[in-house]
Amino acid sequence: MPSILAYDLGASSGRALLGRLNNRTIEVEEIHRFGNDPVAIGDRLQWDILRIYHDIKQGLLKAKHAGETPSSLAIDSWAVDFGFIGRNGELLGNPYHYRDRHTDGVMERTMARLTPERIFGRSGIQFLPFNTIYQLAALKEADSPLLEQAEHFLMIPDLLRYFLTGEMFSEFSNATTTQLYNPIQGGWDAELLGDIGISPALFGTVVQPGTRVGQTRASLTEELGIGTIPVYAVAEHDTGAAVAAVPALERDFAYLSCGTWSLMGTEVDRPIMGELAQELNFTNEGGVGGTFRLLKNIMGLWILQETRRTWEKEGLSFGFPELVALAEKAPAFQTFIDPDDPMFLHPGDMPSRIAKYCADTGQRAPQTPGETVRCILESLALKYRYVLELTERLSGKSFSGLHMVGGGIQNVLLCQWAANAIGKPVWAGPVEGSALGNLVVQWIAQGELSDIWEARKVIRESFPVTVYEPRDGAQWEEAYGKFRALAGIS
């Protein structure tokens with residue numbers, strides 16, 4: 001069986017996986033896993049992009065040592081972040097991390113100058129302080145020398161593909177996340193770029209998922225002693241890849257890509273960019289086959305991850321299964337937070353921030369690790385219900401349940417509580433959502449699968465889906481009312 005190679009890069013780790021399609025059954029083998037921690041230097045938080053590229057090469061070497069010659073490869077990653085290429089074709093500096101504070105206050109100043117109506121009306125993208133438009137505006141405000149020297153703008157997967165192939169392309173699903181792509185015009189929005197003082201000449205050709213965008217360059221194949229491998233652009237925003245892998249059989253479905261971020265929404269044929277979408281702060285990100293992902297970002301398991309890191313610094317070491325067990329034993333519905341409150345965006349002491357949120361809203365703060373984790377997970381589940389209801393309202397669809405994909409579904413307590421909160425079944429699986437979406441788009445491009453719906457059917461047949469039926473409806477209904485009041489959401 002010929003194999004293909006998928007690189008799935010997350011905000012804390014990356015993986016290289018070999019995929020094989022055997023009689024309509026997908027087989028996936030992880031051959032390399034590596035850390036992807038940001039690096040703090042002075043006041044800046046940056047990505048170690050060259051280390052990531054080193055690990056991409058290690059994935060190629062491990063495939064070679066396993067006797068594999070992948071027939072293609074592709075990369076997916078997180079969104080919004082980018083690097084610049086200078087006049088000599090070399091990288092200018094390390095890309096900033098989207099949680100870096102150089103964007104503090106920039107979104108508000110940009111919105112005041114350009115108006116939210118203009119920005120949303122031209123991009124259809126949710127207002128988030130780390131969006132690419134505000135990162136670029138921050139560099140402009142700071143008179144960054146990067147802007148003087150830059151010749152090309154490349155997002156993270158684009159940049160890594162350039163290292164591999166020497167070719168520069170921008171991919172559709174990731175380009176839409178910048179809040180600088182106009183989905184109506186079908187390209188970069190020169191007017192918005194001009195509004196923030198950035199040259200449109202930096203921005204190159206946007207290609208659709210499934211486009212072949214080069215092959216491994218000769219210097220790389222010589223260095224590693226491997227053959228030439230075709231390189232494809234897939235849905236390179238990892239959420240776009242995860243949505244491509246949702247094993248839905250019905251055309252109208254709701255999804256939750258669950259990990260560091262939780263991203264909930266539905267798939268639509270064209271962007272929904274009216275006043276209600278702007279008011280509800282939804283986003284229209286590109287998908288596979290010319291579709292759009294109508295969705296909303298939710299802070300996700302980041303809060304739990306940072307909480308665990310804080311406790312580790314204090315000498316308290318907990319594994320995630322242990323934390324989930326402690327949460328299950330803690331009393332129910334004691335305290336709630338709005339996971340999307342800005343105080344939870346940046347790295348830091350999450351338990352103290354949760355305590356402050358509780359003090360500000362007249363609640364008793366969690367007293368134990370179990371109570372803290374229960375507060376986080378219950379609040380996430382209740383926020384899922386709120387966003388699901390908004391998705392139905394905005395799309396005009398009614399969903400019979402919720403598809404959950406991604407690494408977060410290994411938290412069975414969160415899956416069950418999500419079902420309890422929404423009062424509908426949750427279908428959890430597959431865990432490898434983004435990687436599978438990466439793989440199936442390569443197979444579609446090569447003619448091994450006919451389209452995304454055949455791919456979803458094959459995924460459904462290849463990987464188990466766990467069904468969580470809702471429980472304790474009256475208690476969760478009461479908790480939902482209390483959560484909405486405390487979070488100040490209507």
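1. A cavity, in this note, is a set of grid points where a 1.4 Å probe fits but cannot get out. The structure under discussion is a predicted model, and under this rule it contains three cavities of 30 Å³ or more, the largest of which encloses about 100 Å³ of space.

2. The lining of the largest cavity is formed by Phe82, Gly83, Phe84, Leu92, Gly93, Asn94, Pro95, Tyr96, His102, Gln135, Leu139 and Leu146. Strand E7 (82-86) and helix H4 (132-141) each supply at least two residues of this lining, and E7 gives the largest share, namely three residues. Sorted by class, the lining of the largest cavity has seven nonpolar and five polar residues, with no charged residues.

3. The strand E7 that lines the largest cavity also belongs to an open sheet of three strands, which has the order E8-E7-E9 and antiparallel pairing. Strand E8 (91-92) and strand E9 (150-155) stand at the edges, and because each has a single partner strand, one side of each is left without a neighbour in the sheet. E7 and E9 are joined in the antiparallel sense over five bridges, and within this pairing Phe84 has Phe153 of E9 as its bridge partner. Phe84 is thus worth inspecting from two sides, as it is also one of the residues lining the largest cavity.

4. Two helices pack on this three-stranded sheet. H4 touches E7 and E9, and its direction makes about 50° with that of E7, whereas helix H6 (residues 156-165) touches E7, E8 and E9 and has a direction at about 110° to that of E9.

5. The second largest cavity has a volume of about 60 Å³, and its lining consists of Pro331, Gln334, Thr335, Pro366, Glu371, Arg374, Cys375 and Glu378. By class, these residues divide into three nonpolar, two polar and three charged, while the lining of the largest cavity has no charged residues.

6. Among the open spaces, the second largest pocket has a volume of about 620 Å³. This pocket is lined by 30 residues, of which Phe127, Leu128, Asn281, Asp340 and Pro342 are the closest to its centre. Helix H2 (106-114), helix H11 (275-279), strand E19 (292-298) and helix H15 (369-395) each supply at least two residues of the lining of this second largest pocket, and the lining as a whole divides into 15 nonpolar, seven polar and eight charged residues.

7. E19, which contributes to the lining of that pocket, is also part of an open sheet of seven strands with mixed pairing, in the order E18-E19-E17-E16-E20-E21-E22. Its edge strands are strand E18 (283-286) and strand E22 (466-468), each of which pairs on one side only. With direction ignored, neighbouring strands of this sheet are turned by 30° against each other on average.

8. Within the seven-stranded sheet, strand E16 (residues 254-258) and strand E17 (residues 262-268) pair in the antiparallel sense over five bridges, and Tyr255 has Gly265 in E17 as its bridge partner. Helix H16 (residues 412-422) lies across E16, strand E20 (402-405), strand E21 (426-428) and E22, and it runs at about 155° to E21.

9. A helix pair also deserves a look: the axes of helix H12 (residues 302-313) and helix H14 (residues 350-360) come within 8 Å and cross at roughly 120°. At that angle H12 is oblique to H14, because angles of 65 to 115 degrees count as roughly perpendicular and those over 145 as roughly antiparallel. H12 makes the contact through Trp302, Ile303, Glu306, Thr307, Thr310 and Trp311, and H14 through Met350, Pro351 and Ile354. By class, the contact of H12 with H14 has six nonpolar, two polar and one charged residues.

10. Two points of backbone geometry should be checked by eye. The peptide bond from Gly429 to Pro430 is cis, with omega near 0°, and Pro430 is found in the loop between E21 and helix H17 (433-445). Arg24, although not a glycine, has a positive phi of about 65°, and this residue lies in the loop between strand E2 (13-22) and strand E3 (25-35).

Technical notes: Residues are numbered from 1 along each chain as its sequence is written. This is a predicted model: local features need pLDDT of at least 70, side-chain atom pairs count only at pLDDT 80 or more; totals for chains, interfaces and linings use all residues. Side-chain values use heavy atoms; hydrogens and water are left out. On a 1 Å grid over the protein atoms alone, a cavity is a set of points where a 1.4 Å probe fits but cannot get out, and a pocket is an open set with protein on both sides within 12 Å along at least five of seven lines; lining residues have an atom within 4 Å of a point. Grid points are joined across faces, edges and corners, and a volume is the space filled by probe spheres set on the points. Helices (H or I, at least four residues) and strands (E, at least two) are DSSP runs, numbered from the N terminus. Ala, Val, Leu, Ile, Met, Phe, Trp, Tyr, Cys and Pro count as nonpolar, Asp, Glu, Lys and Arg as charged, and the others, Gly among them, as polar. Axes are lines fitted to C-alpha atoms, for helices over the stretch in contact, and angles run from 0 to 180 degrees between N-to-C directions. Angles under 35 degrees count as roughly parallel, over 145 as roughly antiparallel, 65 to 115 as roughly perpendicular and the rest as oblique. Contact means heavy atoms within 4.5 Å. Two strands pair if DSSP finds at least two bridges between them.
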